Each structure stands twice: as C-alpha cells, then as structure tokens.
Amino acid sequence: MKYDAIVVGAGLAGLVATVEIADAGKRVLLVDQEPESSLGGQAWWSFGGLFLVDSPEQRRMGIKDSKELAWQDWLGTAGFDREEDEDYWGRKWAEAYVNFAAGEKRAWLHSLGIRFFPVVGWAERGGYIADGHGNSVPRFHIVWGTGPGVVTPFENKLRDYIKTGIVNYLPRHRVDHFIQDNDRVVGVRGAVLVPSDVKRGEESSREVEGDFEYYAEAVVVASGGIGANFELIRKNWPKRLGSPPNHMISGVPAHVDGRMLEITEGAGGRIVNRDRMWHYTEGIKNWNSIWPEHGIRILPGPSSIWLDARGRRFPAPNFPGFDTLGTLEAIMKTGYNYSWFILTEKIIEKEFALSGSEQNPDLTEKNIRKLLNRILPGPPAPVKAFMDKGEDFIVADNLHDLVNRMNELTGESLLDVVEVERQIVARDREMDNPFTKDLQVTALRGARKYRGDKLIRVATPHKILDSKKGPLIAVRLNILSRKTLGGLQTDLSSRVLDSHGNPIPGLFAAGEVAGFGGGGVHGYRSLEGTFLGGCLFSGRIAGKSVVKELG
C-alpha cells in the first residue's frame with residue numbers, strides 16, 4: 001500500500017509532523033515500535049516546560065525580555081564552534097527557533113488550547129558573564145497539564161484523522177530499513193512485533209511475529225535519541241566531560257534506543273555532533289520504577305549545599321540550577337559518579353520540584369485544590385514520598401548522624417564530618433550580614449528579587465545548621481541520562497543531508513533524532529524548555545516541508 005507520507009515515531013515531533021501533513025489532506029502512515037499506550041513518547045512524561053520570549057506571562061511577572069537578549073543567551077550557551085561544517089545548519093535552526101519562540105509560537109499553541117502556569121520558571125541561570133551560558137531572565141513556561149497537556153491537542157487531532165481514514169496508525173511496527181529507488185527514499189521495511197499490553201513507559205517485548213513493507217512519496221524520521229542506550233552514550237561520551245560514568249540511571253523509557261540514527265546513516269544520512277549530549281546531575285532513583293533504572297530529576301532551587309563524593313563543596317558557579325553540564329564536568333573529574341545535596345526541611349519544602357508529569361499531579365491534572373497545597377508548610381507530597389521511600393534520601397536531626405548515614409549509604413566512608421561541618425559553618429557565618437563574598441549566597445538573595453522565585457521557588461535565606469529550620473536532609477545525586485543534542489543534519493526544510501551536504505530525496509527528520517533541528521540546534525548546552533519546543537518546531541517544519549514537496 002502506498003501513502004503520501006510515512007512518519008516513523010509517534011512521539012511529539014512525529015505527532016506534530018503527522019497532523020501537519022494530514023491538515024493538508026494528505027494520507028499519512030504513522031508507525032512506531034511501541035504499543036499504543038506509549039503514544040506521545042517522552043513528551044508525555046515531561047514537566048511540560050517551554051521556552052518563550054517576551055510572553056504575556058513574563059510581562060505580568062515584571063520580566064523584561066527581548067528577542068535580542070534571548071539570542072545573546074542562546075549564542076553564549078550554544079558555543080557554536082563548528083560553523084563551517086557540523087554547526088552550519090544548527091546555528092541557522094537556532095536563529096529560526098528563537099524567532100519562533102519570540103513570535104508565533106505562543107499564539108499557535110494558544111490556538112490549540114494550550115495554556116500556561118502564570119509563574120515563569122528560571123532554569124539554567126548561568127552564573128558567568130553577560131554573554132556567557134544561561135538564561136538572563138526566567139523563560140521556563142510550564143504548560144497547564146504538563147507533558148500530557150502538550151501532547152493531547154495533537155493526539156486528539158490524530159485520532160480524528162484516524163477516524164476519517166486520512167491517517168493510519170500502526171503501533172508495534174519497527175522500521176529496520178529504508179526502501180530506496182536509486183538515491184530516493186520511497187518507503188520503509190521492518191518487523192511487526194507481537195502485541196503488547198504493557199503500560200505506558202514499561203519495557204515492551206521485541207519478539208517478532210511478521211514483517212511489513214510500505215511505500216510513500218516522503219518519509220519523516222522522528223524516532224528520538226539515545227537516552228536509554230547507555231552503551232551508545234558511553235561510546236559517544238565527550239572527553240571534555242571526563243571519563244564516562246560507569247553507573248547512570250535513566251531519565252527516559254527503554255525504547256529511546258537510537259536505532260533509527262544508525263539505520264538512517266545506512267541510507268546515506270549524515271550524523272553530526274555525536275559528542276554533544278545533555279544529562280542531568282541531580283538524578284534520584286525512583287522508588288516506584290516504571291522503566292529499567294528509572295530515575296527522576298530534582299529541579300532544585302539555589303540554596304542547597306552541593307558537595308562532591310568526598311564532601312568538598314563545588315566552586316562557583318556550580319550551584320543548584322545554574323549550569324547542568326558545567327557541574328557534570330566537575331563531578332566526573334572527581335572520579336565518582338555521584339554527589340550530594342545537604343539542605344534543611346525549610347529549603348526542601350520550597351525549592352525541590354521533581355521533573356515529570358507523574359511527579360506533579362496538581363499541574364498535570366489541572367487541579368487548583370492540589371496546587372494550593374504547595375503553599376502549605378512541609379514538602380510537597382511527591383517529594384515527601386521520596387523522603388520516606390527513596391533510597392537516596394537521608395533525614396537526621398544533627399550533622400554528625402547525617403554524615404555517618406551518608407557514609408553508610410555509599411559504603412565508601414569518604415566523608416569526614418569535621419570537614420563537612422567546617423564548610424557549612426563557614427557558609428553559615430556569611431549569613432550574618434546582608435552582604436557576602438559567598439557567590440551562592442549572593443545568588444540566592446538575588447533570585448528572591450524576582451517575584452516568582454520569592455513566592456514559590458527560593459527559601460528565605462537562613463543558616464543550614466539552624467535547628468529551627470531542620471531537620472537536616474542529605475540527597476545522593478546520580479547522573480541521569482536524558483537528551484541527545486547532536487543528530488541527523490537537516491536543512492531548514494527538515495530534509496536529511498548526506499555527507500556532501502546534499503538532501504536525500506524523500507527523506508526528512510524532526511525532533512531529537514535531528515538534534516531538534518539541523519543536527520544540533522543547541523550547540524553544546526541547552527537553555528531548557530527547548531526540547532519540547534524543538535520537537536514542536538521541527539515537527540511542524542517537517543510536516544509543512546513534506547506538504548510543499550507533495551504539492
């Protein structure tokens with residue numbers, strides 16, 4: 001059977017591309033190796049943060065933003081240094097995306113029914129000079145409904161098109177090869193996997209019960225990255241971040257395996273920026289795991305004391321929430337795969353958020369009553385569950401007991417309570433004046449000048465060893481795998497390019513498999529809120545480009 005277009009991958013980028021093509025009345029086949037329960041892919045599990053520039057939400061919070069400031073931040077963060085080759089299209093995509101985020105993005109999403117939580121978050125704060133890494137202002141817009149709130153409008157349109165026969169959706173169909181006629185991609189061939197009734201995110205079987213072959217005028221690859229493929233992560237691990245970790249936990253389900261990257265490369269597609277990736281340093285093991293090595297990321301405020309495995313405080317600007325990859329580099333150079341937060345209950349009740357739709361039932365369910373519980377004393381319920389049941393959390397009434405139990409947890413006895421106490425006492429002395437030489441203390445006081453942080457994100461500055469603010473809490477932080485920043489190189493029409501820079505006829509790519517556009521729209525680092533946004537943007541561009549090619 002022949003279609004106008006085939007889309008490989010039913011994550012957010014694939015859904016957007018499929019709907020965009022179907023909107024033009026073209027017949028689309030959507031295939032995915034996972035069962036229907038995983039429709040929406042990684043996006044469904046996300047916190048639902050989107051990067052927007054000069055939005056009404058920002059203006060209501062007193063934030064002055066502009067496209068020029070956002071582009072300055074993007075360039076300082078990306079650090080493009082392969083502009084004549086691997087970064088050539090990535091930079092062009094970056095400029096187009098910032099224009100989109102400062103222009104029609106919000107209105108387009110609003111027309112689909114997507115709404116935003118009124119307080120804008122401040123992710124990746126940087127901590128360097130003005131034109132260096134980080135967001136100069138808060139830009140992290142949380143979707144009301146989190147990840148499912150982003151996926152649902154496109155899923156609803158998809159299901160309408162399935163009913164009318166414009167779209168045919170085939171889960172449990174794993175693409176193994178592209179069909180090519182001379183240089184043109186004209187279809188896909190692969191294996192039909194046995195039906196699976198696993199729940200969303202659970203690992204599904206790879207048992208084969210048959211095969212398939214379908215043809216189309218255009219094929220869009222939207223299959224995601226390598227986040228659950230630890231072997232491939234270690235193979236591509238950049239030397240600048242030290243040795244690859246021998247232990248990680250996974251921030252994505254097992255199906256995020258990177259298979260289609262190699263398959264597309266076999267059809268002539270070029271992969272660029274393989275050494276660029278995005279992994280978090282604040283991972284905790286999920287006490288209620290869904291997929292193998294399931295980890296959750298803490299979205300920290302700026303107040304916790306961050307120590308390496310030997311109990312030494314990280315230097316500026318390696319503070320919670322400031323520079324993800326800078327801190328990853330610092331951790332890996334210690335020779336250990338983990339680090340520690342030490343904080344108080346007063347800090348955790350205001351500053352700990354957990355990434356993911358399932359960890360934020362109030363926002364995900366759009367439940368105002370549950371949301372109001374966040375302002376009550378004590379940690380939010382999902383955080384409290386980790387304090388009670390998570391293996392990485394320790395709660396104690398005094399520092400001596402806390403450090404002893406930290407040593408017991410790792411079995412390595414690397415921490416000296418005298419040295420840990422010396423550093424925390426030194427930090428606490430800096431709280432006696434409204435001025436300080438401790439840049440972390442300066443940063444957290446500065447953060448509270450932003451109304452959103454003062455209201456719900458940054459605790460009132462206090463001494464860690466103040467018993468009235470306790471008990472004390474220690475959290476072991478693991479390396480958490482997440483995103484592929486490089487990928488298939490594409491031009492501004494989402495056409496996959498070959499090693500000579502020429503488009504492969506009939507082949508397009510969108511989302512993480514394409515480095516969210518161009519093979520690396522982020523360069524070396526992300527400003528956050530740009531992964532979902534990159535899937536939306538590149539999926540939309542891919543869909544429009546296919547329609548244009550089909551005529």
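So, strand β2: both of its faces are covered. On one side you've got V28, L30 and D32, on the other L29 and V31, and every one of those is buried. Keep in mind that we're looking at a predicted model here.

Why do the names split up like that? In a regular strand the side chains alternate between the two faces of the sheet.

Now, β2 covers residues 28–32, and five of the five are buried, so the strand is largely enclosed by the rest of the structure.

Okay, who sits next to it? Take strand β1, residues 2–8, to begin with: β1 and β2 run parallel and pair over four bridges. If you want a spot to look at, find V8, which stands opposite V31 in β2. To get from β1 to β2, the chain goes through helix α1, residues 12–23, and that β-α-β crossover is right-handed.

Then there's strand β5, residues 167–171. β5 also pairs with β2 in the parallel sense, over five bridges. Here the residue to click on is L29, whose bridge partner in β5 is N168.

Let's jump to another part of the chain, and to the surface. I368, L372, I375 and L376 make a nonpolar surface patch there, about 420 Å² of it. Where does L376 lie? In the loop between α13, which is 368–372, and α14, which is 381–389. And how does L376 count in terms of exposure? Its relative accessibility is 47%, so L376 counts as partly exposed, whereas V28, L30 and D32 back in β2 are buried.

Notes
Residues numbered from 1 in each chain as written. Predicted model: local features only at pLDDT ≥ 70, side-chain atom pairs only at ≥ 80, totals over all residues. Heavy atoms only, no water. Patch = residues over 30% accessible without salt bridge, like charges linked within 9 Å, V, L, I, M, F, W, Y side chains within 5 Å. Areas by Shrake-Rupley, 256 points an atom, 1.4 Å probe, with all protein chains shown as cover. Salt bridge = Lys/Arg side-chain N within 4 Å of Asp/Glu carboxyl O. Helix = DSSP H or I, 4+ residues; strand = E, 2+ residues; numbered from the N terminus. Buried < 20%, exposed > 50% of the residue type's maximum accessible area, 1.4 Å probe, protein only. Pairing = 2+ DSSP bridges. Right-handed = clockwise from strand over helix to strand, strands pointing away.
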